[in-house]
Amino acid sequence: MEAAGAMAGRRIRVRGLVQGVGFRPHVWRLARMLDIAGDVANDGEGVIIHAWGDPAALDGFQDRLRREAPPLARIDAIQVFPHRGPAPRGFTIAASAAGLARTGIVPDAATCPACRAELFDPADRRQGYAFGNCTHCGPRLSIVSAIPYDRANTAMAAFTLCPACAAEYADPADRRFHAQPTACPACGPRLWLEPAPETGVDPLDAAAALLRAGGIVAVKGIGGFHLACDAADTKAVAELRRRKARDAKPFAVMAGSVEEVGRYCRLDDAARALLLSPAAPIVLLPRRPDGAPLPDGLAPDQDHLGFMLPYTPLHHLLMARVDGPLVMTSGNRSDEPQVITNEDARVRLAGLADAWLMHDRAILNRLDDSVVAATGGAPALLRRARGYAPAPLALPSGFEGLPPTLAMGGELKATFCLLREGQAILSQHIGDLENAAALDDYRVLLRLYRDLFDFTPEVIAVDIHPDYLSTTLGAGLARECGARLVSVGHHHAHMAACLADAGIGLAEGGDGAFGLILDGLGLGPDGTLWGGEILRGGYRGVTRAGHIAPVALAGGAAAMRQPWRNLVAQLRQAFGETWRDQAAPVLNHLPPAAPVAVLERMLETGTNAPPCSSAGRLFDAVAAALGIHPARIGHEAQAAMALEALARPHVATARPYPAAFGGADPVVVGWAPMWRALLDDLAAGEAPGLIAARFHLGLVEALVQATGRAGAGPGALVALSGGVLQNRIILHELQARLRAADWRPVIHGQVPANDGGLALGQAVLAALIADGRGDDRAKPPGI
Ligand SMILES: [Zn+2]
Ligand SMILES: [Zn+2]
């Protein structure tokens, strides 16, 4: 028993993200303030504290450990044990114990308020310095090459601390105590502009002048190069789009402050908090109808804009020198990953940039900007990279004690996932593995993460698609390290990722749940292409309880890029060989040179026209019917995103299109009645936006009805996942309709609904299967 007034000894174990974030000096300061003796150290499990003092003071100490934790710390658990032995004098920070690797490293963080204040303080020695940081902010994953995380194993190894920086580094009372990337103008990285401005002209002033004059500047950031231009300059934006050739993706915009963002877009508290968070992601925000004007070329066909705030001192200094927002789009040629080295930037961005704002701190690991949708409801990550990776995600209950599992992810928007001890570590967004540079990154990052987290897999999870590069890599790795290889169904993995992301435990989500999984396509366990699925079951296994009626993917891969192909295939399926007689209102949307006759032969014979229940291609077909990008799209979601924006103003008043239901188990949803009504609307001259809204609502209504036909009882969990769930109309309307039917919708938050989240679901399912608690039947024939 601890007696009041007497000295008590306690051993306090703190778990979570508590290393490299200034946690030990936080403990040290509190202990000194509360007259507590003892010591604090990092070890393989987190932070360990030995503390002696008055029991009441110790209670206060424990409470404040959590409440006043440093901004980048995340405390998962504090455990307290009695501790015997004589109290030492004073409180010390002990040298770190061995075995640090298992706790990994925290994400890169935006410049903190204190560092920002120094940046603009004429009396501070870091005033105007582009690379200041402290334990509360700065680069982390982007500069690390090995564990343990200390300066020698980062890109800062090349810079020797000056006496002033070394003194701050060694002082527990200083904000820069053990801040590995700390730097100042005397000893740290330096900034320059290429081509060089006139002698004596500051590189930032010269870059800002170029931007104000309509130029395009490559800017080296935390995780890669951006291409910047004046976001309010229509000509500059158009020129940037022309130089990036074929790329129709929206440009992200950086604004100097939240207030400035508010001049263009509607902001709520959640969006504000996200913009200002240490992760500083791109936040997708609805444009204000009465907002200050910006060129349409920033985000063609879109009613949202992606805004972020400055997140490095360099950004702050640059934004202070220009008048308004800047485009900050990834520095690459279309479809390539963002460049990270100075050499690559000079070569690969030649012809794209007019000048290069560079520095000599190397980016070792590429980290794209993260993207979050924040409108209406909880924020949802669409791309999880800088600021979020590699922070571990806590798995819900029931996933303890599983074998260490590595999941390899999909093919597009690739990520991988390490699972162990109730946690999942999802890699940053890497990109499309068909791209050689992205595949290289994938390999390098996989080695790095295994090193950072001291991880050896016993189980390796892959998609059941045998041709995904991630599948091939996983099979090779399994042979190499003697791990068990487990194939996981694509859509089952989406469902499991959603359930796990939402914190649904194994007991609740093991069976009896439903999944509405809507995406482009993935291989189903029956060997056909799936993409509009109603799954019944849960973590332990699923059956296909319903799906969208398969329609031929005419021309295979060409159908992904040319929406008109899907329109013809849909109409022919709905109306048969005489489809042209019904389709008068859309015939003029078929591209003039489109080989329609060839396509019809394909559909007739089934040659190069595999049936596919894709939801994504249905969106493309409907968009094409309205004349939205019928000939060609630059990226998979382009037509669907335009359709969503067009529909939004009409959603509140539109009536859903009808659908047809066939089959019992599985239920099959057909679209002939929808197409009939849509063509009638077109013939009657209805507004395209209304038609788009009726389609969105019709899809939602059909899926909800089909879920009922598939046997969902009151209170059933319905997981909503797949890339189509990035569509905010579909997401919101599905949730509302499911709730109205007394079911419980489950949605994504921290992990993308698209294939970027696939690895989490794969990891969870494969670990269960290897543990004898999952269903291992999800194998297509012939694999
Ligand atoms: Zn700071
Ligand atoms: Zn220095």
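Visitor: Before we get to strand 24, when do two strands count as paired?
Guide: Two strands pair if DSSP finds at least two bridges between them. Keep in mind that this is a predicted model.

Visitor: OK, so how do strand 24 and strand 28 pair, and over how many bridges?
Guide: They run in the parallel sense, with 3 bridges between strand 24 and strand 28 (residues 667-670). One place to look is Ile-548, whose bridge partner in strand 28 is Val-669.

Visitor: And which way do strand 23 and strand 24 run, parallel or antiparallel?
Guide: Antiparallel: strand 23 (residues 529-538) is joined to strand 24 by 6 bridges. The two form a hairpin, with 2 residues between them.

Visitor: What stands opposite Ile-534?
Guide: Gly-546, in strand 24.

Visitor: How many residues of strand 24 are buried?
Guide: 6 of the 8 residues in strand 24 (residues 541-548), which makes the strand mostly covered.

Visitor: Switching topic. What coordinates the zinc ion (ligand 1)?
Guide: The SG atoms of Cys-112, Cys-115, Cys-134 and Cys-137 do, at 2.3 Å. In sequence these donor residues follow the spacing C-x2-C-x18-C-x2-C. Cys-112 and Cys-134 link distant parts of the chain, 22 residues apart. Cys-112 sits in the loop between strand 5 (91-93) and helix 3 (113-119), while Cys-134 is in the loop between helix 3 and helix 4 (163-170).

Visitor: Are those two buried or exposed, Cys-112 and Cys-134?
Guide: Both Cys-112 and Cys-134 are buried.

Visitor: Last one: what geometry does the zinc site have?
Guide: The site of the zinc ion (ligand 1) is tetrahedral, with angles of 103 to 120 degrees among its 4 donor atoms.

Technical notes:
Residues are numbered from 1 along each chain as its sequence is written. Chains are lettered from A and ligands numbered from 1 in the order in which they are written. This is a predicted model: local features need pLDDT of at least 70, side-chain atom pairs count only at pLDDT 80 or more; totals for chains, interfaces and linings use all residues. Side-chain values use heavy atoms; hydrogens and water are left out. Buried means under 20% relative accessible area, exposed over 50%, partly exposed in between (1.4 Å probe, protein chains only). Helices (H or I, at least four residues) and strands (E, at least two) are DSSP runs, numbered from the N terminus. Donors are N, O and S atoms within 2.8 Å of the metal (3.2 Å for Na, K and Ca); water is not among the atoms, so sites may look incomplete. Four donors count as tetrahedral if all angles lie between 85 and 135 degrees; four count as square planar and six as octahedral if opposite donors are over 155 degrees apart and all others between 65 and 115; anything else is irregular.
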